[in-house]
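Biologist: I should like to learn how to read the features of a model such as this one. Might we go through it feature by feature?

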Amino acid sequence: MGAQTNTQRSFSNLSKSLPTLKHLFDHDPFTNKPFGLTNIALQDEILSMVSFCSSMALSTTSHELKRFKLTHLFTVIKTSKKPLHHDILSSVMSLISVNIFRPLPPPSPAFPITSTLAEENEVVVSSTLPSLNWLLLELVYEILLWLVINIDTQTLEKHIDHTFLLGLLSLFDSEEAKERESLKNVFHQIYYKLTKYRSFMRKAMSGVFLEYIFETERHNGIAEMLEIWGSIINGFAVPLKEEHKVFLKRILIPLHKVKGMQNFNKQLGYCVYQFVEKESELGGFIVRKIMKYWPQANSQKEIKLIEELEDLVEKLDPKLYRDLALPFCSHMTKCFKSLNSMVAERSLYMWSSEAFVTMVSTAMEEVFPVILRGMEYIIRSHWNENVKELARNVKVILQEMNPILYHKTLHQNRFKQFKATQINRL
């Protein structure tokens, strides 16, 4: 009888120390934190969807099913009232890695380049991924972006490392423009949120730029990466660190010389503009370097560079006008005289810029002979009537700026031309 009583007591004590069935249903088996039966089922459902979506979809039917499950998974993650458990998040990140990290196909020859003249007709053709594959990848990127934005920094740092970042960076060479746009948004959000990785991310992107400039001159994601850099530069503190000036000198300036520059000129121009806005004294250095890298047989690129130079002149510190006036006007006069009418017209339109006219006025004695000689040549020899008319308008502007100097210079130029003609006849 006593033995039975002891047994009952032992069982009673043991039952008190063991978790009840209700406790098992109400607590996360990994964290021992309460969450309820529906959340247990929810986690099982998430793991099941993750497992299915981590496999390759080989048929149209499996594509549709995978897309349905990815959509459902994204909805579940977004609507979850509690943070994802570490193991669940690890599984989702694994799903993302399995789907997006893949060898990219060899670049398709969007345009053959057989000579420097072929650069005139470069056209950017975005070769798209098969539509079914992109519909799946798009959902995966949306999940990744949502996680980056909404998960707390400490948790996110446990799931994103240098290898993951380099993997994302390698995908910027994708020929699918939509994928590059998704990557840009994700990469930018990671840079914004995970401050400990910022230096690494800048160096990694710089490495891609250097390889593009000095080795391959072929990469699909330069524009998107420059967009990210535009935002990064905007956040630089003043005075600029030497590291940031090195990026300007070794990467942004040399990017002006590559043959595909017109494919990302807006993003490149914005980055350069940000530097001048931060430290205006850099403007003179930038203008001189751009003129140094001027193309010889690419009119479209010339037009883009003229537009960039015009914007830079607007932003320059007026104190720099005097030193830049002669080299800048000499360079622009070559553009004024270009046999390509589009280049000549676009450069002559620079006279509508108040900043450019002000620059000319700071060194009239030096620049009037150069500019007037160019205008006289155009009026006398250029084949395009519109260009000739613009040159006549420039002469009117110069005459109004300083009538005495204008007539003096015009007389001297014509006298020199007469003497040169006489010498040639001997």
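Modeller: Let us begin with one residue and its neighbours: P254 touches I213, F214, L248, K249 and Y293, with residues up to four places away in sequence not counted. Please bear in mind throughout that this is a predicted model.

Biologist: Where does P254 lie, and is it buried or exposed?

Modeller: P254 belongs to the loop between α12 and α13 (265-278). Its relative accessible area is 5%, and buried means under 20%, so P254 counts as buried. The chain also brings distant positions together here: P254 and L210 are 44 residues apart along the chain, with their C-alpha atoms separated by 9.2 Å.

Biologist: Which residues does A355 contact, and where is A355 placed?

Modeller: A355 is in helix α18 (residues 354-361). Beyond its neighbours within four places in sequence, A355 is in contact with V313, E314 and Y321. From A355 to L312 the C-alpha distance is 9.7 Å, although 43 residues separate them in sequence. A355 is buried, at 10% relative accessibility.

Biologist: How should I read the chain as a whole? How many helices and strands are there in the protein chain?

Modeller: The protein chain has 21 helices and zero strands. It contains 426 residues, of which 44% count as buried. Among contacts with a separation of 6 or more, 72% are between residues 24 or more positions apart.

Biologist: What is the general idea behind a nonpolar core, and which residues have the most contacts inside the largest one here?

Modeller: In soluble globular proteins, nonpolar side chains tend to be buried together. In this model the largest nonpolar core has 119 residues, and those with the most contacts inside it are I96, I160, F209, L252, L255, F264 and F328. Helix α6 (residues 131-150) supplies the largest share of this core, 10 residues. To see one of these positions in detail, consider F209, which touches I222, M225, L226, W229, F247, I251 and L255, leaving out residues up to four places away in sequence.

Biologist: How does one describe two helices that pack together? What are the values for α16 and α19?

Modeller: Two packed helices are described by the angle between their axes and the distance between the axes. For α16 and α19 the angle is about 5° and the axes are 9 Å apart. Angles under 35 degrees count as roughly parallel, and α16 is therefore roughly parallel to α19.

Biologist: Which residues meet between α16 and α19?

Modeller: R322, A325, L326, C329, S330, T333 and F336 in α16 meet E366, V367, V370, I371, G374, M375 and I378 in α19. The spacing can be read with a general rule. An α-helix has 3.6 residues a turn, so residues three or four places apart point the same way.

Biologist: C329 appears in that list. How many disulfides does a search of the whole structure find?

Modeller: The search finds zero disulfides. C329 is buried, at 1% relative accessibility, and C335 is buried as well, with a relative accessible area of 2%.

Biologist: Why is helix α17 described as largely enclosed by the rest of the structure?

Modeller: Helix α17 (residues 341-348) is largely enclosed because six of its eight residues are buried. These are S341, V343, A344, E345, S347 and L348. They pack against α15 (299-315), α16 (321-336), α19 (364-381) and α20. At the N-terminal end of α17, N340 acts as a cap, with a side-chain oxygen 3.0 Å from the backbone nitrogen of M342.

Biologist: Is K395, in helix α20, buried or exposed?

Modeller: K395, in helix α20 (residues 385-401), is buried, with a relative accessible area of 13%. Setting aside residues up to four places away in sequence, K395 touches L372, M375, E376, I379, Y406, L410 and R414.

Biologist: Finally, which backbone details deserve a look?

Modeller: Two loops offer examples. The peptide bond from V238 to P239 is cis, with omega near 5°, and P239 is found in the loop between α11 (222-234) and α12 (242-252). E217, a residue other than glycine, has a positive phi, near 55°. E217 is in the loop between α10 (198-216) and α11, and is partly exposed, with a relative accessible area of 28%.

Terms used
Residues are numbered from 1 along each chain as its sequence is written. This is a predicted model: local features need pLDDT of at least 70, side-chain atom pairs count only at pLDDT 80 or more; totals for chains, interfaces and linings use all residues. Side-chain values use heavy atoms; hydrogens and water are left out. A nonpolar core is a set of buried Ala, Val, Leu, Ile, Met, Phe, Trp, Tyr and Cys residues joined through side-chain atoms within 4.5 Å. Buried means under 20% relative accessible area, exposed over 50%, partly exposed in between (1.4 Å probe, protein chains only). Helices (H or I, at least four residues) and strands (E, at least two) are DSSP runs, numbered from the N terminus. Contact means heavy atoms within 4.5 Å. A polar contact is a pair of N or O atoms within 3.5 Å; within protein, one must be able to donate a hydrogen and the other to accept it, and residues adjacent in sequence count only if both atoms are side-chain atoms. A disulfide is a pair of cysteine sulfur atoms within 2.5 Å. Axes are lines fitted to C-alpha atoms, for helices over the stretch in contact, and angles run from 0 to 180 degrees between N-to-C directions. Angles under 35 degrees count as roughly parallel, over 145 as roughly antiparallel, 65 to 115 as roughly perpendicular and the rest as oblique.
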